[in-house]
Number of protein chains: 2
Amino acid sequence: MIAKKILNIAIIGTGNVATHLAYAIKDSSHKLQWIVTRNKLQAQAFAQKTQTSLTNHIDEVKAVDIVIIAIKDEALQSDYISQLPENAIICHTSGSVPMNVLKNYSKHGIFYPLQTFSKQKKLDFSTVPICLEANSDEVFTKLELLAKDLSDKVYKVNSEQRKALHLAAVFACNFTNLMYDISENLCQESGLDFDILRPLIHETAEKVQFHKPSEVQTGPAARNDKKIIDAHLQLLDQHPDIQNIYKILTQEIIKK
Amino acid sequence: MIAKKILNIAIIGTGNVATHLAYAIKDSSHKLQWIVTRNKLQAQAFAQKTQTSLTNHIDEVKAVDIVIIAIKDEALQSDYISQLPENAIICHTSGSVPMNVLKNYSKHGIFYPLQTFSKQKKLDFSTVPICLEANSDEVFTKLELLAKDLSDKVYKVNSEQRKALHLAAVFACNFTNLMYDISENLCQESGLDFDILRPLIHETAEKVQFHKPSEVQTGPAARNDKKIIDAHLQLLDQHPDIQNIYKILTQEIIKK
């Protein structure tokens, strides 16, 4: 039997992903040793809470097993990440940057938690899907050891799949939120409280937790109810952009 | 002091709205006396469970305070609903049919529960917003008495507002579900389990329960990240319709 290895971790970054990840690692059986940030002042409270050493010098980070780079996509391609320990696994958390930006490190991979993180809202990390990729089986096994300690949902996702996933997430999250936003504006214009729609938004998301979205599609477009569709388009006469969005999305549902 | 009046209710219809409403009334302090349906066979189990009399003759319905018509919009405008008791309040549950289709009845109104109901999924009715309208204060007070017994969220919504609300609900529910559907198709094409996206869908809906959607918008369009937007558009080259939807929704987010 092999004793369970405790991994020593460093996180680079103090944004939303880095923060949520740091708290999750702190609650795991592994050890968060370093938080690396260019803005020490901003991260002081955060480091204290997670009882972690704080540095703004990447080259201070030593004797760790895994370095998780959770910084903006642009910064990932810069010199900033060129002085990391040679013997550690170096991985990043981005959905859209290819793994090979880390190819100068002999052990590298992806540690992509697919969720929308916000500083204001606590989140149960065990429900966050973590998508892993690695440049060797050995590296994959170590990343998996950490990921499975943090979350019940760990997936092997290659770089091509990760691109598709990131695109799919734009529809499932960003464009969905735009739909909410448009509905809020329509409420506001008619002097209606957005609270009237919030339970509907909640239930619509709940329904697809156990069904395929195509199985639970409802509404005038799904019924091809021309009378109501025309009435809606007329209501949107003063909003040509929203009217156009209504038309195109209705068309897509009818086509299906 | 006035003793709380127990209202006697009849429901016309056995679809999703009628079914959920019937169960909710059964659990309330009011009395569901009749279920009226053209298809007695289909509704037998349902009537038994709610211990209610079942009839397919509208003119059998007598001595009730409120008749709730929960049938398809088309049927609402037909002769089917012309023989209801004169002295009862007659209301319908549709988001898109004007109140005046009921103008032949001296006491009439709207009892519109704004939620997406499905037969498969139980729902806590106390969280369902009920939008009320009535042709007199007296009628409104009675509808409100029933509504507040069923739900914690009762709103006064006039016919113009109800039209806007129904339109807003198409964005918040039907078009949102289309976004889910597109994301599911993209996953499937890349051999990815839709389960990877389900927590993201859940969390995206949770975020707007306490925030305005515009405050929590994220993603490449919100950052106007042209590099990623272009990469996504290229990924969609084989799907011109979805590519077009991506373009237009991205444009709308950037504009905001």
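How many residues does the contact take from chain B and from chain A? In this predicted model, the contact takes 90 residues from chain B and 90 residues from chain A.

**View 1. The buried surface between chain B and chain A.** About 8500 Å² is buried between chain B and chain A, with 66% of that area on carbon and sulfur atoms. Of the interface residues of chain B, 100% are also interface residues in chain A, so the copies meet through the same surface.

**View 2. Polar and charged pairs across the interface, including Asp241(B) with Lys255(A).** Between chain B and chain A, 6 salt bridges are counted. In one of these, Asp241(B) pairs with Lys255(A), and their closest N and O atoms lie 2.4 Å apart. The interface of chain B and chain A also holds 31 residue pairs in polar contact, both residues being at pLDDT 80 or more.

**View 3. Helical elements of chain B on the side that touches chain A.** Two or more residues each are given to this side by α5 (159-189), α6 (198-210), α7 (226-235) and α8 (240-255) of chain B. The largest share, 27 residues, is supplied by α5(B). By residue class, the side of chain B that touches chain A comprises 45 nonpolar, 28 polar and 17 charged residues.

**View 4. The axis relating chain B to chain A, with Thr176(B) beside it.** A turn of 180 degrees and a shift of 0.0 Å along the axis lay chain B on chain A with an RMSD of 0.0 Å. This is the relation of a two-fold axis. Within chain B, the C-alpha nearest the axis belongs to Thr176(B), at 2.6 Å from it.

How values were computed. Residues are numbered from 1 along each chain as its sequence is written. Chains are lettered from A and ligands numbered from 1 in the order in which they are written. This is a predicted model: local features need pLDDT of at least 70, side-chain atom pairs count only at pLDDT 80 or more; totals for chains, interfaces and linings use all residues. Side-chain values use heavy atoms; hydrogens and water are left out. Contact means heavy atoms within 4.5 Å. Buried area is the accessible area (1.4 Å probe) that two parts lose on being put together, summed over both. A salt bridge is a side-chain nitrogen of Lys or Arg within 4 Å of a carboxyl oxygen of Asp or Glu. A polar contact is a pair of N or O atoms within 3.5 Å; within protein, one must be able to donate a hydrogen and the other to accept it, and residues adjacent in sequence count only if both atoms are side-chain atoms. Helices (H or I, at least four residues) and strands (E, at least two) are DSSP runs, numbered from the N terminus. Ala, Val, Leu, Ile, Met, Phe, Trp, Tyr, Cys and Pro count as nonpolar, Asp, Glu, Lys and Arg as charged, and the others, Gly among them, as polar. Copies are superposed by least squares on the C-alpha atoms of residues with pLDDT of at least 70 in both.
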